[in-house]
Amino acid sequence: MEEEIKILNVSAYYDNKKVLENITFPIYKNFITAIIGPSGCGKSTLIRCLNRMNDLVPNFSLEGEIVFRGKNIYDKTQDVIDLRRRVGMVFQKPNPFPKSIYENISYGLKINNVRKSEIEPTIIESLKKAALWDEVKDDLYKPATNLSGGQQQRLCIARAVALKPEVLLFDEPCSALDPIGSAKVEELMVELKKEYTVVIVTHNMQQAARVSDFTAFLYLGKLVEYGETTQIFTNPKEKLTEEYLTGRFG
């Protein structure tokens, strides 16, 4: 297995408040890694560190290293815009632009200087990868806001995939969806790992067990346990992990 990202001794702060403490674990290429834990444990902060989304938060600071393809992404020479293209993100609530389905995907391609002749084929390919093409191929110029919640989330995935990232980050991608929409997004994530490395933050233990290959359990900003998902869920090494998975807290 090849390590795509190495999280090394990472601590994170908002102002002077420490929200992550000395986190270390690998993220393997073409696998799904789930980050789980109760509310407030630092899951979303950690996943947003992986493409420096937290840079947009005032008074955020980070110690340690996050190494992506051999380079610390917090190095001063890192091009953050390029990093966010290579490490795409899908957020908790679907956030399509108030434009057509076509424009939702073409916008990012245009600002990234994709050739005009390549835009339409890329849009079609991206919608197919997001398992949405068959549902919208006759409605590409209709508002994206007309889509259902689950379709909107898959459109956001298509938008991220269109930029040809290497890693896809999902921050609670199904929390705003109904069970049918959630199931489609889960199926899609499993399919996407054939081409991309996937990291998902989720409160849903069943979802983590269903889709992920590796799991990291965080509690109060610390990594309690990391390992293969099957081992974490069936034979956890830490008592705290067992208590969380069996619903004794969280």
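**Close-up views of a predicted model**

**View A. F170 touches I47, V90, I157, M189, L192, V198, V199, I200 and V201, leaving aside residues up to four places away in sequence.** The model shown is predicted. F170 belongs to the largest nonpolar core, which has 40 residues. I105, L127, L155, I157, F170, M189 and L192 touch the most other members of that core. Helix α6, residues 149-162, supplies the largest share, with 6 residues. A separate core of 30 residues lies apart from this one and includes L20, L46, I73 and V167. In soluble globular proteins, nonpolar side chains tend to be buried together.

**View B. T215 sits in strand β9, which spans residues 214-219.** Is T215 buried or exposed? T215 is buried, with a relative accessibility of 0%. Its side chain makes a polar contact of 2.8 Å with the side chain of T229. Beyond four places in sequence, T215 touches A34, I36, E225, Y226, G227, T229, I232 and F233. T229 and I36 are therefore both among the residues that T215 touches. The strand around T215 is also shielded: 5 of the 6 residues of β9 are buried, so β9 is largely enclosed by the rest of the structure.

**View C. Strand β9 pairs with β3 and with β10.** Strands of a sheet pair through backbone hydrogen bonds, either parallel or antiparallel. β3, residues 32-36, runs parallel to β9, and 4 bridges link the two. Within this pair, I36 stands opposite F217 of β9. β10, residues 222-228, runs antiparallel to β9, with 6 bridges between them. Here L218 has L223 of β10 as its bridge partner. β9 and β10 make a hairpin with 2 residues between the strands. One turn residue, L220, has a positive phi of about 50 degrees.

**View D. An open sheet is built from 4 strands in the order β2-β1-β4-β5, with antiparallel pairing.** Which strands stand at the edges? They are β2 (17-28) and β5 (71-72). Each edge strand has a single partner, so one side of each is left without a neighbour in the sheet. β5 is joined to β4, residues 60-68, by 2 bridges in the antiparallel sense. F68 stands opposite K71 of β5. In a regular strand the side chains alternate between the two faces of the sheet.

**View E. C41 and C49 are not bonded to each other.** How many disulfides does the structure hold? The count is 0. The sulfur of C49 is the closest cysteine sulfur to that of C41, but the 13 Å between them is too far for a bond. C49 is likewise in no disulfide. A disulfide needs the two sulfurs within 2.5 Å. C41 is buried, with a relative accessible area of 2%. C49 is buried as well, at 0% relative accessibility.

**View F. The whole protein holds 10 helices and 10 strands.** Its radius of gyration is 18 Å, close to the 18 Å that the globule rule gives for 250 residues, so the protein is as compact as a globular protein of that length. Along the principal axes, the C-alpha atoms fill a box of roughly 55 × 40 × 35 Å. Buried residues account for 50% of the 250 residues. Of the contacts between residues at least 6 apart in sequence, 67% join residues at least 24 apart.

Terms used:
Residues are numbered from 1 along each chain as its sequence is written. This is a predicted model: local features need pLDDT of at least 70, side-chain atom pairs count only at pLDDT 80 or more; totals for chains, interfaces and linings use all residues. Side-chain values use heavy atoms; hydrogens and water are left out. Buried means under 20% relative accessible area, exposed over 50%, partly exposed in between (1.4 Å probe, protein chains only). A polar contact is a pair of N or O atoms within 3.5 Å; within protein, one must be able to donate a hydrogen and the other to accept it, and residues adjacent in sequence count only if both atoms are side-chain atoms. Contact means heavy atoms within 4.5 Å. Two strands pair if DSSP finds at least two bridges between them. A nonpolar core is a set of buried Ala, Val, Leu, Ile, Met, Phe, Trp, Tyr and Cys residues joined through side-chain atoms within 4.5 Å. The radius of gyration is taken over C-alpha atoms; the globule rule is 2.2 Å times the number of residues to the power 0.38.
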